[in-house]
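Here are a few exercises to work through with the model open in your viewer. Try each one before reading the solution.

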Amino acid sequence: MIYSVKFAWRYLSSNKLQTALLVLGVAVGVFVFVFISALIGGLGSFLVDRTVGNISHVTIEAPRRDPASLLAPDDPSIQLVTQRAAGQRDILRTADAFLPSLETLPGVAAVSPQIVGNGFVIRGQSRAPVAVTGVLPSRVSAIADIEGSLAAGEAGLTNSTVLLGATLASDLGVGVGQNIRLQSDRGVERTFVVAGLFALGVEALDARAAFVSLAAARSLFDLEQGISRIEIKLVDLQTADAFAPRIAAMTGLKATPWTEGNTQLLEGLRAQANSGDLIKGFALVTIVIGVASALLLSTYRRRPEIGIMRAMGASRGFVVGVFVIQGALIGLIGGVSGALAGYLVLSPFPLPEDAPPGGFPIDARQGAYLLAVTLTTIGAILASILPARAASRVDPVEVIGS
Amino acid sequence: MTALVEVTDLVKTFGDGETATRVLKGLNMALERGDLAALIGPSGSGKSTLLNILGTLMRPTSGTHVMLDMDMTGASEAELTEFRNRHIGFVFQFHHLLPDFSALENVVFPTAVAAGWESGTARRRGEELLDRVGLSDRLHFRASQLSGGQKQRVAIARALMNRPDLVLADEPTGNLDRESASRVMALLKQINDEERTAFLISTHDEMIAGACTRQIRVVDGAAISDDVTG
């Protein structure tokens with residue numbers, strides 16, 4: 001093995017220009033691989049961050065209770081069904097018991113217990129439907145970045161203040177410091193002072209959402225105890241699918257990952273990732289063909305030497321080893337060079353979360369450097385097998401006599 | 001006494017059917033330890049084919065080939081490769097050195113390729129052999145930096161590296177000037193005298209053939225005379 005490595009290295013170093021060109025070709029292929037990985041990955045992160053960055057990653061809700069189905073005791077042919085009460089609400093009554101353990105769960109970035117309901121916001125003669133969310137004042141930005149998206153005012157909540165979407169406020173002609181009335185679907189009506197206006201860039205929230213304190217929501221929706229749901233933000237939103245079942249098992253409640261409500265986005269991202277994989281696959285195929293053809297040429301050029309080595313007692317395995325190791329060295333050196341070049345070129349680009357609007361969402365962290373080097377080395381080794389086998393079959397008699 | 005190597009009724013045919021060419025036609029021959037034999041005969045008589053078969057680089061079509069009591073015709077390719085490495089040395093007309101390697105690396109090759117690495121012992125043996133062939137000042141010269149005579153002496157040192165029982169030389173002086181040819185032949189004779197290594201030298205050169213102790217003449221694929229002069 002050591003001796004095969006010596007031969008492989010000597011063969012590569014004896015023709016520096018050819019080796020340099022070969023390594024350069026591999027490095028360019030790996031650079032394309034890394035660039036596409038970083039671009040597709042960054043684009044995906046950018047889209048996900050912009051689309052679901054301000055929503056819950058896992059939502060805990062009380063399981064919906066299906067209406068009871070009963071058989072009439074005196075007549076089995078008649079089925080009696082208890083209809084679900086229209087005003088019945090699914091409430092989490094045991095949230096206080098598991099909230100502390102949820103908050104300390106590794107991978108959880110923030111937990112926000114909420115009371116939610118529908119209602120109307122009334123300003124003079126104007127009425128507009130609104131989705132009201134009651135949150136703990138200290139966690140107003142736990143899920144959606146309200147504080148970072150303030151268009152006016154401040155994000156601090158008291159029991160008598162409300163945060164409104166900027167579009168909704170504009171429709172109603174209301175500003176910070178002015179009063180509005182909120183009427184819940186329970187018929188309770190209260191007056192709030194507008195503390196701030198937010199513009200998250202999501203029309204559904206900016207035109208229809210209002211945030212109040214948890215205590216204010218409790219009185220507004222006539223809920224003496226319990227909460228409506230718990231929204232959880234994860235450190236890595238891609239782990240939501242794995243996290244949700246764990247949380248459901250832990251709490252005994254229904255836990256829904258964000259992916260369930262965003263299948264179209266996920267399909268789009270998957271299609272995008274597939275396109276990237278195709279391009280990366282072509283880059284790898286190019287590398288394999290390049291290495292195989294260069295080593296085949298080298299095999300042909302070195303036929304006399306291979307013949308003499310075989311005559312001197314070199315086994316076929318030794319000859320195969322010399323050429324496979326050449327392939328591995330080319331793949332490894334080219335792979336590391338390409339990956340390093342990729343990292344150096346991509347690093348100056350701002351990360352997707354910091355990318356300016358209309359910017360280039362490249363994520364140098366998602367360059368898949370190790371994968372690129374590993375696949376390239378394996379590809380180069382596979383590419384060298386054909387030339388290596390051809391070399392091992394060289395007949396010493398043919399080349400010695402020529 | 002058992003012969004070092006013996007071939008009996010050796011036949012070698014190239015091609016099939018109407019294009020078949022029989023090069024060796026029932027050749028019989030034996031070599032003893034310490035023989036310094038010249039293999040002579042006209043071009044196309046089958047000398048090179050015989051050397052290739054004796055060197056286990058080629059299998060005969062029929063006949064037997066026994067060396068050191070081992071039947072070569074029944075051995076696997078891996079067994080032949082290992083046998084060749086341990087017991088047979090080659091010297092070719094065109095030296096066939098590895099051009100990207102130094103004189104010492106070329107000489108050490110047969111030992112290192114079997115062991116998987118260049119040991120210190122092997123390198124010392126290589127240095128001794130190069131010193132013996134008068135190239136101690138060329139140890140680290142690449143093959144391309146050596147003259148024709150020097151290359152052939154490196155090839156002889158390489159052939160002797162594993163202390164072979166038999167060295168097969170195909171026109172070893174055919175590509176050298178008179179002076180270099182004489183020096184190479186003197187070297188082969190000296191090694192034969194000192195180490196009792198058997199040599200079979202294929203040659204057209206009367207001077208080389210005359211310097212050997214046996215002259216085996218091959219004509220039309222068969223050995224027709226075997227003269228002992230030494």
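**Exercise 1. Work out how far apart in sequence the contacting residues of chain A are, and how the chain is laid out in space.**

Solution. Keep in mind that this is a predicted model.

Step 1: start with contacts. Among those in chain A with a separation of 6 or more, 79% are between residues 24 or more positions apart.

Step 2: list the parts. Chain A has 12 helices and 12 strands. Its radius of gyration is 33 Å, while the globule rule gives 21 Å for 402 residues, so chain A is more spread out than a compact globule.

Step 3: look at the box. Along the principal axes, the C-alpha atoms of chain A fill roughly 105 × 65 × 35 Å.

Step 4: split the chain. Domain 1 of chain A takes in 2-51 + 265-401, and domain 2 covers 91-227. Their centres, taken over C-alpha atoms, are separated by 55 Å.

Step 5: check burial. Of the 402 residues of chain A, 43% count as buried.

**Exercise 2. Find the nonpolar cores and see what surrounds A:Val34.**

Solution. Step 1: a general point first. In soluble globular proteins, nonpolar side chains tend to be buried together.

Step 2: pick out the largest nonpolar core. That one has 126 residues, and A:Val34 and A:Val291 have the most contacts inside it. Helix α2 (residues 16-52) of chain A gives the most to this core, namely 16 residues.

Step 3: zoom in on A:Val34. Setting aside neighbours within four places in sequence, A:Val34 is in contact with A:Gly338, A:Ala339, A:Gly342, A:Gly367, A:Ala368, A:Tyr369 and A:Ala372.

Step 4: look elsewhere. Apart from the largest core lies another core, of 51 residues, including A:Val58, A:Ala144, A:Leu200 and A:Leu205.

**Exercise 3. Describe the side of chain A that touches chain B, then take a closer look at α9(A).**

Solution. Step 1: count both sides. The contact takes 19 residues from chain A and 23 residues from chain B.

Step 2: sort the chain A side by element. α1 (2-14), α9 (303-311) and α12 (396-401) of chain A each supply at least two residues, with the largest share, five residues, coming from α1(A).

Step 3: sort that side by character. Its residues divide into 13 nonpolar, four polar and two charged.

Step 4: turn to α9(A). Seven of its nine residues are buried, so α9(A) is largely enclosed by the rest of the structure. The buried ones are A:Glu305, A:Ile306, A:Gly307, A:Ile308, A:Met309, A:Arg310 and A:Ala311. After α9(A) comes A:Gly313, with a positive phi near 105°.

**Exercise 4. Trace the strand pairings in chain B.**

Solution. Step 1: lay out the open sheet. Four strands of chain B run in the order β2-β1-β4-β5, with antiparallel pairing. At the edges sit β2 (21-31) and β5 (70-71) of chain B, each pairing on one side only.

Step 2: zoom in on one pair. Strands β1 (residues 5-14) and β4 (residues 62-67) of chain B pair in the antiparallel sense over five bridges, and B:Thr8 stands opposite B:Thr64 in β4(B).

Step 3: move to a parallel pair. β6(B) pairs with strand β7 (residues 166-170) of chain B over four bridges in the parallel sense. B:Phe90 stands opposite B:Leu168 in β7(B).

Step 4: check the faces. In a regular strand the side chains alternate between the two faces of the sheet. Strand β6 (residues 88-91) of chain B is covered on both faces: B:Ile88 and B:Phe90 are buried on one side, B:Gly89 and B:Val91 on the other.

Note on methods: Residues numbered from 1 in each chain as written. Chains lettered and ligands numbered in written order. Predicted model: local features only at pLDDT ≥ 70, side-chain atom pairs only at ≥ 80, totals over all residues. Domains from an automatic or database assignment. Contact = placed C-beta atoms within 7 Å. Nonpolar A, V, L, I, M, F, W, Y, C, P; charged D, E, K, R; others polar. Rg over C-alpha atoms; globule rule 2.2 N^0.38 Å. Buried ≥ 20, exposed ≤ 12 C-beta atoms within 10 Å, placed from the backbone. Pairing = 2+ DSSP bridges. Core = buried A, V, L, I, M, F, W, Y, C linked by C-beta atoms within 7 Å.
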